Amino acid sequence: MQDRAKIAAKQQESSRNIVIDVDHVTVRFNMASQSVNNLKEYIIKLVKRELMFQEFLALKDLNLKVRAGEAWGIIGRNGAGKSTLLKLICGILKPYKGAVHVQGSVAPLIELGAGFDGELTAVENVLLNGTLMGYSEKFMKERMDEIIAFAELKDFLDMPIKNYSSGMAARLGFAVATVVCPDILICDEVLSVGDYRFQQKCEERMSRLLEAGTTLLYVSHDNVSVQKLCSHALWIEHGSVVMSGPADRVCAAYMEQA
């Protein structure tokens, strides 16, 4: 009886540390199998039930358990399902089958410019993003100088975001998302658009966040970066898990196949 109690206690403690639990998840998209040229034609076909769709499974019965403080690299070819997995964890997508459970605050860096208003300036967008993330205007104003300095945009504060390069937008997005230490940081190739020096700067900040206890999910085609930042890796192809485990071992297997 004591052994059973110990096992149950250990299992309970183990599950308590899991902050991301992707449980047998399948994501399905319906792709139109015929061309529809305008809204009128779409409505007519919809009413007549003549619209034909082809089922596409972006993720297939996928499992992933991430414990607090772990750093996971998500690797695989373009179209493998990496970004779909991150959007699922962020709550942007809902699973067709299975369930996703996330504990803690999430700072997502999935798409460049997401949450930015192109007509607003950097300062205005920082305040807007802070509100979306649940921070007060006072809180964001107190950290404005730190955010702008990290993003290296001091000379472009009065310029609308729509006139920024992709690298400038990425720098601002990363600076805002990491101004505080989030429970979970999710990065999807956003650093690939920056120059080498800024990539190093971002990696250093992510390393500090990891040391402070942040959990990281990091999608990148740069295996060196994955191995440098991440202790674990998940390799996905065609929506299914090929391999998961220590980052060095998974990345080595991926490179051998490539």
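A residue is called buried when its relative accessible area is under 20% and exposed when that area is over 50%, with partly exposed residues in between. By this criterion helix 7 is mostly covered in the predicted model, since 11 of its 12 residues are buried. The buried residues of this helix are Gly167, Met168, Ala169, Ala170, Arg171, Leu172, Gly173, Phe174, Ala175, Val176 and Ala177. They pack against two strands and several helices, namely strand 5 (106-109) and strand 6 (184-188) together with helix 4 (122-132), helix 5 (137-142), helix 6 (144-151) and helix 8 (196-211). The length of helix 7 can be checked by simple reasoning: at 1.5 Å a residue, its 12 residues should span 16 Å, and because the C-alpha atoms at its ends are 16 Å apart, the model agrees with this expectation.

The setting of this helix is a nonpolar core. The largest nonpolar core of the chain contains 44 residues, and those with the most contacts inside it are Ile147, Leu172, Leu185, Met206 and Tyr218. Helix 7, which covers residues 166-177, gives the most to this core, contributing six residues. Apart from it lies another core, made up of 24 residues, among them Ile20, Ile74, Leu88 and Ile186.

Turning to the chain as a whole, the model comprises 10 helices and nine strands. Of the 258 residues in the chain, 40% are buried. Among the contacts with a separation of 6 or more, 70% join residues that lie 24 or more positions apart. The chain exposes about 14300 Å², and carbon and sulfur atoms supply 52% of this area.

The confidence of the prediction varies along the chain. The mean pLDDT is 84, and 81% of the residues reach 70 or more. Among the elements, helix 1 (residues 2-16) has the lowest mean pLDDT, at 48, whereas strand 8 (residues 232-237) has the highest, at 97. Over residues 4-14 the pLDDT is below 50, and this stretch has one contact in the model beyond near neighbours in sequence.

Strand 8 also takes part in a hairpin. It pairs with strand 9 (residues 240-246) in the antiparallel sense, over six bridges, and one of the bridge partners is Val241 in strand 9, which is matched with Ile236. Two residues lie between the paired strands of this hairpin. His238, placed in the loop between strand 8 and strand 9, has a positive phi of about 55 degrees although it is not a glycine. With a relative accessibility of 62%, His238 counts as exposed, because the cut-off for that class is over 50%. A positive phi is also found at His24, where the angle is near 50 degrees in a residue other than glycine. His24, however, lies within strand 1 (residues 18-32), and at 43% relative accessibility His24 counts as partly exposed.

Before strand 8, in the loop that follows helix 9 (223-229), lies Ser231. Ser231 has a relative accessible area of 40% and is therefore partly exposed. Leaving aside residues up to four places away in sequence, Ser231 touches Ala71, Gly245, Pro246 and Ala247. The C-alpha atoms of Ser231 and Asp248 are 7.9 Å apart in space, while the two residues are 17 residues apart in sequence.

Two further positions illustrate burial in a strand and in a loop. Thr215 is found in strand 7 (residues 215-219), and with a relative accessible area of 1% Thr215 is buried. When residues up to four places away in sequence are not counted, Thr215 touches Val19, Val66, Arg67, Ala68, Gly69, Glu70, Asp183, Ile184 and Leu185. Ile110, by contrast, has its place in the loop between strand 5 and helix 4, yet Ile110 also counts as buried, because its relative accessibility of 12% falls under the 20% cut-off. Ile110 and Cys90 are 20 residues apart along the chain, and their C-alpha atoms are separated by 9.3 Å.

How values were computed: Residues are numbered from 1 along each chain as its sequence is written. This is a predicted model: local features need pLDDT of at least 70, side-chain atom pairs count only at pLDDT 80 or more; totals for chains, interfaces and linings use all residues. Side-chain values use heavy atoms; hydrogens and water are left out. A nonpolar core is a set of buried Ala, Val, Leu, Ile, Met, Phe, Trp, Tyr and Cys residues joined through side-chain atoms within 4.5 Å. Buried means under 20% relative accessible area, exposed over 50%, partly exposed in between (1.4 Å probe, protein chains only). Helices (H or I, at least four residues) and strands (E, at least two) are DSSP runs, numbered from the N terminus. The expected span of a helix is 1.5 Å times one less than its number of residues. Contact means heavy atoms within 4.5 Å. pLDDT is the predictor's confidence in each residue, from 0 to 100. Accessible areas come from the Shrake-Rupley method with a 1.4 Å probe; for residues, only the protein chains shown count as cover. Two strands pair if DSSP finds at least two bridges between them.
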